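I opened the model to look up its sheets, one helix pair and one aromatic pair. My entries follow in the order I made them.

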Amino acid sequence: MTGLSNASLAALPADIGRPRYDRSAVTPGIVHLGVGAFHRAHQAVYVDDCLAAGETGWGIVGASLRSTDTRDALAPQDGLYTLAVRGGEGEELRVVGSILSLLVAPEDPARLLEALCLPSVRIVTLTVTEKAYLRNAAGDLDFTHADIVWDLAHHDRPKTVYGFLTEAIARRQGTAPFTVLCCDNLPANGETVRRLLLEFAGARDKKLAVHIERSIAFPSSMVDRIVPATTDADRAHIAAALGVTDAWPVRTEPFSQWVVEDRFPAGRPAWERFGVTMVDDVRPFEDMKLRLLNGSHSAIAYLGLLSGHETVADAFGDPAIRRFVHGLWAEAIPTLPGNAGLDPQAYVGKLTDRYDNPALQHRTAQIANDGSQKLPQRIVATAVEQLRRGAPVDHLTLAIAAWIAACEARGRTLDASLFTDPLDTQLAMIFAGSAADTVSQVFDRSGFASGQAERPALQRAVSAHLDTIRGTGIGAAIATVAGK
C-alpha cells in the first residue's frame with residue numbers, strides 16, 4: 001500500500017480532512033522541541049488551523065532530543081500524519097500538515113542550532129516531559145547530571161534543552177529574540193523554565209544570562225488533551241480508512257484546551273481564532289488542570305494497575321475507583337483559587353465524561369510512567385495545602401501510597417515492564433523495609449514536600465495506606481478511605 005505523503009493527499013477519500021493550503025509556501029516560524037504524540041494532537045493542530053487561515057509564516061520544525069522514532073516515521077511522509085478524534089458519536093480523521101521538517105538532535109546538533117537561529121523563527125515551544133528538565137530534589141537545575149556537565153563544556157554540541165536554547169540565544173544576538181513557550185505539565189511552567197535556563201546560562205556566561213533575563217519572554221501555558229499511545233491496531237484501522245499507510249498517526253479525544261499567557265514580543269499566530277484562550281495569568285487554569293485532571297489521572301493509573309484494570313475507562317468504570325476519584329476531587333477543589341473565574345464543578349463534570357470514553361483506550365500503564373517527577377505538582381502540593389488548612393488528605397495520600405505499591409509490585413504481581421521511573425534504581429533498594437521506612441526513604445529520594453513543615457504528617461498518612469495495601473490489598477485500602 002502507498003504511504004501517506006504530499007503526493008498521495010489528493011487521492012484520499014473525500015471525508016478525510018487534509019491541509020487546505022499550499023505547504024510549499026509555508027515558512028518555519030516555530031521550532032518545537034519534543035515532537036511526540038501529545039504535541040501532534042494539540043499544538044500542531046492549532047498551528048495547522050492558522051496555516052489554513054492564511055498565516056503561512058508559522059510552520060513547525062520539529063525536533064527530538066533523544067529518539068529517532070518520530071523522524072523515522074514522519075520524514076518519509078513529508079511530515080504529514082493523521083489525527084483520529086474519537087468520541088461517543090464516532091471518529092473524525094484529519095491529516096495535519098503543520099510540521100515542515102523533523103530533526104534528531106543527537107544525530108546532528110548543528111542542524112537544530114541552525115533551525116533555532118533562523119530569523120523567521122519567533123517561537124520555540126517545548127513538550128520534553130518533566131524528567132527532561134533535569135532538576136534535583138530541591139527543584140533546581142542538577143549541575144551534577146552528565147548532560148548538563150557536557151553542555152557547559154561543549155557549547156556547539158549540546159544535548160539538553162538548556163544547551164540548545166542558550167547557544168541559540170547567544171548566536172541570535174543582533175536578531176530579534178524568540179519567545180520560549182513551555183507546554184509541559186510543570187507548575188508555572190514558563191517561569192520554571194526561565195529560572196532553570198538562567199541557572200544554566202549563569203554557569204556558562206553571566207553576561208549571557210543577563211541578556212536572557214532582559215530579552216527573552218517565557219509565557220506560561222496550560223495544555224489539556226488526552227492522547228493515548230498509538231497501537232498497531234490504530235495504524236491498521238487508519239490505513240484502511242485512508243487507503244494509504246500512516247506510520248505514526250495519533251488518536252485523541254474531542255476535548256481540547258490550551259490557555260496561554262499573551263506575551264510574545266516577536267509576534268504569534270492568531271491562535272484565539274481557533275479556541276485557544278489567551279490570558280494575562282495562566283496559573284489558576286494550570287492549577288485546576290494539574291490538581292483535577294493530572295492528579296486524578298495518576299491516581300486512576302496506580303489504583304487501576306493494582307486492581308487489574310488496563311485502561312482509564314475500565315478503571316473509572318470500577319465503582320470503588322470512581323467513588324475514590326470523586327473523593328480526590330473533593331479534597332483538591334478547595335485548594336483552587338476562588339476568585340479566578342474557574343468553574344471546577346463543571347470541569348470535573350467534563351472529566352467524568354472524558355474518563356468514561358471507551359473509544360480512547362488510554363492505558364493506565366502509559367500514565368503511570370515517571371511518577372516521582374509528576375506527583376509533586378499533581379498530588380503532593382495539593383496534600384500539603386490541605387494539611388495547612390487542617391483539611392482531609394485521605395484520598396491524596398492513598399494516591400501516593402498506590403504509586404509506591406505499584407512500583408513495588410513490578411516484577412512480582414505486575415509485569416516489570418509496565419512503566420518506568422527515573423528513580424527506579426534507587427527505589428528498588430528500599431522496598432524491603434517497613435512501610436514507614438520505605439515511605440521516609442521514598443520522600444527523601446524524590447524530594448516530596450522537601451522543607452515543608454507538613455512533611456512528617458504527610459509521610460505518616462502515606463505509610464498507613466501503604467501498610468494497608470501491603471497487608472490486605474488495594475481494595476481494602478480504597479474501602480478504608482471511602483468509609484471516612
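**Sheets, a helix crossing, a ring pair**

I began with the open sheet of three strands, which runs in the order β8-β10-β11 with mixed pairing. I noted that the model is predicted. At the edges I found β8 (221–224) and β11 (277–279), each of which pairs on one side only. For neighbouring strands of this sheet I read an average turn of 15° against each other, direction ignored.

I then looked at how β8 meets β10. β10 covers residues 257–261, and I found it paired with β8 in the antiparallel sense over four bridges. I looked up Ser221 and found its bridge partner in β10 to be Val260.

Next I turned to the open sheet of five strands. I wrote down its order as β5-β2-β1-β6-β7 and its pairing as parallel. Its edge strands are β5 (99–104) and β7 (179–182), and each pairs on one side only. I read an average twist of 20° from one strand to the next.

I followed β7 inward to β6, residues 123–126; the two pair in the parallel sense over four bridges. For Val124 I found the bridge partner Val180 in β7.

I moved on to the helices. At what angle do the axes of α10 and α15 cross? I read roughly 120° for α10 (residues 283–307) and α15 (residues 371–388), with the axes coming within 10 Å. Perpendicular would have needed 65 to 115 degrees and antiparallel over 145, so I entered α10 and α15 as oblique to each other. I recorded the crossing of α10 and α15 as left-handed.

I listed the residues that make this contact. From α10 they are Leu290, Arg291, Asn294, Gly295, Ser298 and Tyr302. From α15 they are Gly371, Leu375, Gln377, Arg378, Ile379, Ala381, Thr382 and Glu385. Sorted by class, the contact of α10 with α15 has five nonpolar, six polar and three charged residues.

Last, I checked the aromatic rings. How many aromatic pairs does the structure hold? I found nine. One of them is Tyr162 with Phe200, at 6.2 Å centre to centre and 25° between the planes. Planes under 30 degrees apart count as stacked, and I entered the pair of Tyr162 and Phe200 as stacked.

I placed both rings in the chain. Tyr162 lies in helix α6 (residues 161–171) and Phe200 in helix α7 (residues 189–204). The two are 38 residues apart, and I noted that the pair links distant parts of the chain.

Technical notes: Residues are numbered from 1 along each chain as its sequence is written. This is a predicted model: local features need pLDDT of at least 70, side-chain atom pairs count only at pLDDT 80 or more; totals for chains, interfaces and linings use all residues. Side-chain values use heavy atoms; hydrogens and water are left out. Two strands pair if DSSP finds at least two bridges between them. Axes are lines fitted to C-alpha atoms, for helices over the stretch in contact, and angles run from 0 to 180 degrees between N-to-C directions. Angles under 35 degrees count as roughly parallel, over 145 as roughly antiparallel, 65 to 115 as roughly perpendicular and the rest as oblique. A crossing is left-handed if the near helix is turned anticlockwise from the far one by less than a right angle, and right-handed if clockwise. Contact means heavy atoms within 4.5 Å. Ala, Val, Leu, Ile, Met, Phe, Trp, Tyr, Cys and Pro count as nonpolar, Asp, Glu, Lys and Arg as charged, and the others, Gly among them, as polar. Rings of Phe, Tyr and Trp (its six-membered ring) pair if their centres lie within 6.5 Å; planes under 30 degrees apart count as stacked, over 60 as edge-to-face and the rest as tilted.
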